[in-house]
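Subject: A structure for you to look at

Hello,

Here is the structure I promised to pass on. Please open it first, and then read my notes beside it.

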Amino acid sequence: MSVPGGQAWTVSRYAVVVTVRLTTKGGRDAIDGIELLGDGRPVLKARVRAAPEDGEANAALLKLMSQALDVSARQVSLVGGATARLKRVKIDGNGAALAATLEKIAAGTS
């Protein structure tokens, strides 16, 4: 899904870093597409059932991203926003392939 103003992720040869807006206690674990923040930045919307206590929501987000992108859990790490609603998640692997998968997920065609 192309969003005016760019993508919710940056791609390098060996990784993708995704900006995620996380909703905790969201009733289900899911990725809900792309959203534009008030300042125009695109983010990937995600929700998890876990509460934001003791790192449970962050762990649930990393597991969700791992499953959605079909990569091992050790390839997914939180690189920013541990206690914030906006987070930066790094996924190691083929950057171009991961970006293509993210495009499908964001468009709802995964």
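Below is what I found, going from the whole chain down to one helix and the core.

First, a word on confidence, since this is a predicted model. The mean pLDDT of the chain is 92, and 93% of the residues reach 70 or more. Among the elements, β6 has the highest mean value, 98, while α2 has the lowest, 93. The stretch to treat with care is residues 1-5, where the pLDDT is below 50; the model still gives this stretch eleven contacts beyond near neighbours in sequence. Where pLDDT is low, the predicted coordinates should not be read in detail.

Now the overall layout. You will find two helices and six strands, and from the N terminus their order is β-β-β-β-α-β-β-α. The C-alpha atoms fill a box of roughly 35 × 30 × 25 Å along the principal axes. The radius of gyration is 13 Å, which agrees with the value near 13 Å that a compact globule of 110 residues would have. Of those 110 residues, 38% are buried. Among contacts with a separation of 6 or more, 56% join residues 24 or more positions apart. The accessible surface comes to about 6,000 Å², and carbon and sulfur atoms account for 49% of that.

What lies inside? The largest nonpolar core has 27 residues, and W9, V18, L44, M65, L69 and I91 have the most contacts within it. At least two core residues come from each of β2 (15-23), β3 (30-36), β4 (42-47), α1 (56-69), β6 (86-92) and α2 (95-107). The element that gives the most is α1, with six residues.

That makes α1 a good place to zoom in. This helix has 14 residues and spans 20 Å from its first C-alpha to its last, close to the 20 Å expected at 1.5 Å a residue. Its buried residues are A57, N58, A60, L61, L64, M65, S66 and L69. As general background, an α-helix has 3.6 residues a turn, so residues three or four places apart point the same way. The cover over the buried residues of α1 includes β2, β3, β4, β5 (76-80), β6 and α2.

If you pick one side chain to display, try M65: leaving aside residues up to four places away in sequence, M65 touches V18, I31, L44, V76, V89 and I91. Then look just past the end of α1, where D70 takes a positive phi of about 55°.

Enjoy exploring!

Best wishes

Methods:
Residues numbered from 1 in each chain as written. Predicted model: local features only at pLDDT ≥ 70, side-chain atom pairs only at ≥ 80, totals over all residues. Heavy atoms only, no water. Core = buried A, V, L, I, M, F, W, Y, C linked by side-chain atoms within 4.5 Å. Buried < 20%, exposed > 50% of the residue type's maximum accessible area, 1.4 Å probe, protein only. Helix = DSSP H or I, 4+ residues; strand = E, 2+ residues; numbered from the N terminus. Contact = heavy atoms within 4.5 Å. pLDDT = per-residue confidence, 0-100. Rg over C-alpha atoms; globule rule 2.2 N^0.38 Å. Areas by Shrake-Rupley, 256 points an atom, 1.4 Å probe, with all protein chains shown as cover. Expected span 1.5 Å × (residues − 1).
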